[in-house]
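Subject: Structure handover

Hello,

Here is the structure I promised to pass on. Please open it first, then read my notes below.

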Amino acid sequence: MRLENVSESVAKRVDPNEKHYNGETESGAGLGIDCAILCAAPCRGTKPQGGAQGARRVVEKIVPLLDCAKPQTAGADQDIVVSKWIGLEGTVMLVRKHYHRLRERFPLRMIEEAAGFDKYLSVIPEAATAMKSGVCGMREISRGGIFAGLWEMAQEAGVGLEVNLREIPVRQETIEICEFFGENPYELLSNGCLLMTATDGNGLVAALQKDGIPAVRIGRTTKGNDRVLYNEGRKRFLNKPR
């Protein structure tokens, strides 16, 4: 789906969560490897020693250690939750590649804010919180953006889905930069955004927000194979990613 088909749904839309990421210092969300390790540490009851260097030495061990609360798998009749915002890494890449062109069009403050999205690219903090908060399935969104992530999650789980397009969180900076270059924000490289399913999506959202991590419920998985997007009452089917 090209930009002209989605611009109406994203133009002039600011995700309210972007104003409330005040807990990132306390939770470690978006602060890179060192702080992410500190966030994951309570899961195993230990703390990395030796400051930043000590934290880096144990980075390879984080993922296995999170198995202390293994999730189930994605399935039908589960809520779909996403953390932070889509298109974070893609936005950073566009800014780095086209910085001077963007400076001719947008305020410096906006460009610098977008360039700083790389501080949100770690998903370890939300993964650690989700493991302890009833998550069933998790997938980091990458190439192909949220659309590809949703399709692949549903395909692997053998389920359908119903998603409200306007609930998908996206930063205003991403919207404007995508419109400038004719990109679709829903297909933009989205590392830093974690796609999750849970039987109690509202509870998972509350747990993530309590830890200072923006999150929102965007829809629900269903029985069958239909993968449906709703946009202000209009219905369309999600296409298989290219």
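What follows is a short tour of what was found.

**Overall**

Please keep in mind that this is a predicted model. The protein chain has 242 residues, and 53% of them are buried. It holds twelve helices and seven strands. Contacts often link distant parts of the sequence: of those with a separation of 6 or more, 81% are between residues 24 or more positions apart.

**The largest core**

Start with the largest nonpolar core, which has 25 residues. Seven of them touch the most other members: I80, I146, L150, V163, I168, L195 and I218. Which elements give two or more residues to this core? They are strand 1 (79-83), helix 10 (145-157), strand 3 (160-164) and strand 5 (215-222). Helix 10 gives the most, with six residues.

I80 is a good place to zoom in. Set aside its neighbours within four places in sequence. I80 is then in contact with L150, M153, L161, V163, L195 and M196. Its contacts also include V216, R217, I218, G219, R220 and T221.

Another core lies apart from the largest one. This other core has 16 residues, among them L94, M110, I177 and L188.

**Helix 6 and its partners**

Next, look at helix 6, which spans residues 88-97. Its buried residues are L88, G90, T91, V92, L94 and V95. What do they pack against? The partners are helix 7 (99-103), helix 8 (108-115) and helix 11.

Take helix 11 (residues 172-181) first. Its axis comes within 10 Å of the axis of helix 6, and the two cross at roughly 55°. Helix 6 and helix 11 are therefore oblique to each other. Their crossing is left-handed. On the helix 6 side, T91, L94 and V95 make the contact. On the helix 11 side, T174, I177 and F181 do so. By class, this contact of helix 6 with helix 11 has four nonpolar residues, two polar ones and no charged ones.

Now helix 8. The axes of helix 6 and helix 8 come within 8 Å and cross at roughly 125°. That angle makes helix 6 and helix 8 oblique to each other as well. T91, V92 and V95 of helix 6 meet I111, A114 and A115 of helix 8. The residues of this contact of helix 6 with helix 8 comprise five nonpolar, one polar and no charged. T91 and V95 of helix 6 take part in the contact with helix 11, and T91 and V95 are also in the contact with helix 8.

**Helix 11 and F106**

Is helix 11 mostly covered or mostly uncovered? Helix 11 is mostly covered, with seven of its ten residues buried. The buried ones are Q172, E173, T174, I175, I177, C178 and F181. Just after helix 11 comes G182, which takes a positive phi of about 70°.

F106 is worth a look too. It sits in the loop between helix 7 and helix 8. Is F106 buried or exposed? F106 counts as buried, because its relative accessibility is 5% and the cut-off for buried is under 20%. Beyond its neighbours within four places in sequence, F106 is in contact with I111, E176 and F180. F106 and E176 are 70 residues apart along the chain, yet their C-alpha atoms are separated by 9.1 Å.

**Two loop residues with positive phi**

Most residues other than glycine have a negative phi. Two loop residues on either side of strand 1 are worth checking against that.

- D77 lies in the loop between helix 5 (62-65) and strand 1. Its phi is near 60°, a positive value in a residue other than glycine. D77 counts as partly exposed, at 38% relative accessibility.
- K84 is placed in the loop between strand 1 and helix 6. K84 has a positive phi of about 55° although it is not a glycine. K84 is buried, with a relative accessible area of 0%.

**Where to look first**

If time is short, begin with I80 and its contacts in the model. Then go to T91 and V95 on helix 6, where helix 8 makes contact. Finish with K84, the buried loop residue.

Best wishes

Conventions. Residues numbered from 1 in each chain as written. Predicted model: local features only at pLDDT ≥ 70, side-chain atom pairs only at ≥ 80, totals over all residues. Heavy atoms only, no water. Axes fitted to C-alpha atoms, helices over the stretch in contact; angles between N-to-C directions. Helix = DSSP H or I, 4+ residues; strand = E, 2+ residues; numbered from the N terminus. Parallel < 35°, antiparallel > 145°, perpendicular 65-115°, else oblique. Left-handed = near helix turned anticlockwise from the far one by under 90°. Contact = heavy atoms within 4.5 Å. Nonpolar A, V, L, I, M, F, W, Y, C, P; charged D, E, K, R; others polar. Core = buried A, V, L, I, M, F, W, Y, C linked by side-chain atoms within 4.5 Å. Buried < 20%, exposed > 50% of the residue type's maximum accessible area, 1.4 Å probe, protein only.
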